[in-house]
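Okay, thanks everyone for coming. I'd like to walk you through one model today, so have a look at it on the screen first.

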2 protein chains.
Amino acid sequence: MSLKKLAEHLDLSPATVSLVINRSSVADSIPQETKDRIFAAARKFKYRANFFARSLRTQRSFTVGVIVPEVSDGYSASVMSGVEDYLLQEGYFYFVASHRHRADLIDEYPRMFLERSVDGLIAVDTPWHLNLSVPVVTVSGHNEVKGVTNIVLNHRRAAELALKHLFHLGHRRIAFMKGQEFSSDTQVRWSNIERVAEQIGLKINPRLVTQLQGDSPSPQLGYIATKILLAPRTPFSALFAFNDISAMGAIRALREAGRQVPEDVSVIGFDDIQSAAFQNPGLTTVRQPLREMGRAAAEILLKRINRPGSELRDQHIVEPELVIRETTHPAPTGTPVAGKWRT
Amino acid sequence: MSLKKLAEHLDLSPATVSLVINRSSVADSIPQETKDRIFAAARKFKYRANFFARSLRTQRSFTVGVIVPEVSDGYSASVMSGVEDYLLQEGYFYFVASHRHRADLIDEYPRMFLERSVDGLIAVDTPWHLNLSVPVVTVSGHNEVKGVTNIVLNHRRAAELALKHLFHLGHRRIAFMKGQEFSSDTQVRWSNIERVAEQIGLKINPRLVTQLQGDSPSPQLGYIATKILLAPRTPFSALFAFNDISAMGAIRALREAGRQVPEDVSVIGFDDIQSAAFQNPGLTTVRQPLREMGRAAAEILLKRINRPGSELRDQHIVEPELVIRETTHPAPTGTPVAGKWRT
DNA sequence: GACATTTACTAAATCGCTTTTTTAAAGATT
DNA sequence: AATCTTTAAAAAAGCGATTTAGTAAATGTC
């Protein structure tokens, strides 16, 4: 059913029908009776404006592009869930594309989104440098690009929550796992850990710092990184993993090396993904409000789209939360020998 | 840059430019030299056809809609990952909408997708009854709707893999966890379990059958269902969970009840999600090739879209795989007392 | 009763492309 | 030389809306 046919049936011009249906103020002078006729007919024939025709004319698509490292990864998926929540509620739809950390795709997908005339873009955990013609909001993006709002966690606070918790439990020899080079949080997270460590008087032993290598959403990466950490037998009583997934791998590696979690080694994760609570033992972790971050991203993006002039901060900071479960425990006492604690 | 301006600059008509750029056979008579000029200019000005104008004219959107229970749920996300893989490679984009099992949204989202002129739809784990004007493919849909292809697991084989594995380990008192009523796999899975149980001579004790209740992506549901299962103290030595998530909850409930997994009770999950391998102990499970199912869905959908006449089966069956890890174990011997095994 | 204003609409231009139909010149054929 | 074909392109008709500028009739004002 097209506008033209509907108008014909009503014995009116397409212009009138369009004006009324879109509640244009130009239609103010049209008597209610006529309006009612129009609405009734529209309902009767289930008239819906052709989306392409409308978008062509108005230059608006009510569509945004979301670029993530990988849809099936829990982090991205949680953020997307929040994004979707807000967008659909506001009548927007979204495209998704996973770049899988391929530099060419990180360049190409935004371009493809623009070809599809998206009204805006959300980049999740993706290094961003482009200056596009549409509003952009990043989640965990840390580059300052003008006109781009970054939704970021208060990493200072996150580091404080984790380190102070371990510190108060008596841990002094703490091992750290950095994220992959390409992960946008790696840098900030680490520099904040260093700052907080210094602040609370904790020495970081460089031999107790390991880093995730490779691109896989499996705990395997944390497992390998922890194996490497354990090899030189430098003693430690706690491990701050880069995220929950890698913490799971780490726990397995620790167990295989004969260390009990949390009796010998406390482990703390990051993110608080769904299954963190149901690990055995339950994983202590720093919660990122991923869904809320997604919602905030969508909300700010739509503001940018619909009120281009409005003053919006280029950072939106959200607060982490420490979720204490069962993988953290008071530090064992005694002298460490060959990486194990004598009791 | 519009076609018109490009044509103007080339001193040609928009028609000619369009014909050449789209490699229409009508342009065969145009000399290579002219074609080269056109391509050169198009490249120079980075000309890209306006997507809406083209779609309006051709009635094709190169977009498909994907409807899932919830994006952030691992099952949907894995399937989507496969869907995306194939679609983007073929130049299609996709919209996602999560219905969260709300009946009204299950009705509304497909309609909204159609308003957006999608070329086709993929419904993941979503009860499907609509007969739409565009091709539809479901993943784990079990209703036979004409013109709709269902991508389904060989559930008979899945039941065989799991039950025979437990049976051969000596388990005879096996508990079962059914999925929620709304989950599209619940029915088929259960009827196949019943069939296979009968075939191998295994009695199913109705008191050992529990069911997931409620809509949450957390292991909590499996935890609760298992608590209920344990209450009457009917002895069992193995539990076949509905999926990996609920298996994790089940294991926790079993532990809390003083049962060792797998020594006292073997547990087998379903799906083989990423974290199944990194549970402690590693979860034995029936693997569904979710990514491949998504890819297949996308592939078949595009075939349907692009060759509407072609004969395509209305079922596409994929094979499960048993992944044996550490939660299954030979059945304990001895007489069960009050739900625990005397050794 | 002349003029201004309001009311109730419509005509027509666009948005940017695709595609069928035409046209006009050049080349080939009889 | 007249006719037919081929070549090289352009004209024009949509696709289905939105929106500005306009118009004719009815009403209001002095």
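Before anything else, one term: I'll call a residue buried if 20 or more other C-beta atoms lie within 10 Å of its own, with the C-beta atoms placed from the backbone. By that count, 45% of the 343 residues of chain A are buried. And keep in mind that this is a predicted model.

So how far does the confidence go? The mean pLDDT of chain A is 93, and 97% of its residues reach 70 or more. The stretch to be careful with is residues 337-343 of chain A, where pLDDT stays under 50. The model has 13 contacts beyond four places in sequence for that stretch. Where pLDDT is low, the predicted coordinates shouldn't be read in detail.

Now the overall build of chain A. You've got 11 helices and 14 strands. Its radius of gyration is 26 Å, well over the 20 Å that the globule rule gives for 343 residues, so chain A is more spread out than a compact globule. If you box in its C-alpha atoms along the principal axes, you get roughly 95 × 35 × 30 Å. Among the contacts in chain A with a separation of 6 or more, 69% are between residues 24 or more positions apart.

Next, the pair. How does chain B sit relative to chain A? A turn of 180 degrees, with a shift of 0.0 Å along the axis, lays chain B on chain A with an RMSD of 0.2 Å. The two copies are thus related as by a two-fold rotation axis.

Where they meet, 36 residues of chain B are in contact with 36 residues of chain A. On the chain B side, helix H4 (51-58), helix H5 (74-89), strand S2 (93-98) and helix H10 (244-256) each supply at least two residues. That side has 18 nonpolar, 11 polar and 7 charged residues. And 100% of the interface residues of chain B are also interface residues in chain A, so the copies meet through the same surface.

Last stop, the DNA. Which residues are closest to DNA strand D? Out of 26 that surround the strand, they're A:Ser2, A:Leu3, A:Ala15, A:Asn50 and A:Ala53. Both chains chip in here: helices H1 (3-10), H2 (14-21) and H4 (51-58) of chain A, plus H2 (14-21) and H4 of chain B, each supply at least two residues. H4 of chain A gives the most, with 5 residues. By class, the surface near DNA strand D divides into 13 nonpolar, 9 polar and 4 charged residues.

Conventions. Residues are numbered from 1 along each chain as its sequence is written. Chains are lettered from A and ligands numbered from 1 in the order in which they are written. This is a predicted model: local features need pLDDT of at least 70, side-chain atom pairs count only at pLDDT 80 or more; totals for chains, interfaces and linings use all residues. Two residues are in contact if their C-beta atoms, placed from the backbone, lie within 7 Å. Helices (H or I, at least four residues) and strands (E, at least two) are DSSP runs, numbered from the N terminus. Ala, Val, Leu, Ile, Met, Phe, Trp, Tyr, Cys and Pro count as nonpolar, Asp, Glu, Lys and Arg as charged, and the others, Gly among them, as polar. pLDDT is the predictor's confidence in each residue, from 0 to 100. A residue is near a molecule or strand if its C-beta atom, placed from the backbone, lies within 6 Å of it. The radius of gyration is taken over C-alpha atoms; the globule rule is 2.2 Å times the number of residues to the power 0.38. A residue is buried if 20 or more other C-beta atoms lie within 10 Å of its own, exposed if 12 or fewer, and partly exposed in between; C-beta atoms are placed from the backbone. Copies are superposed by least squares on the C-alpha atoms of residues with pLDDT of at least 70 in both.
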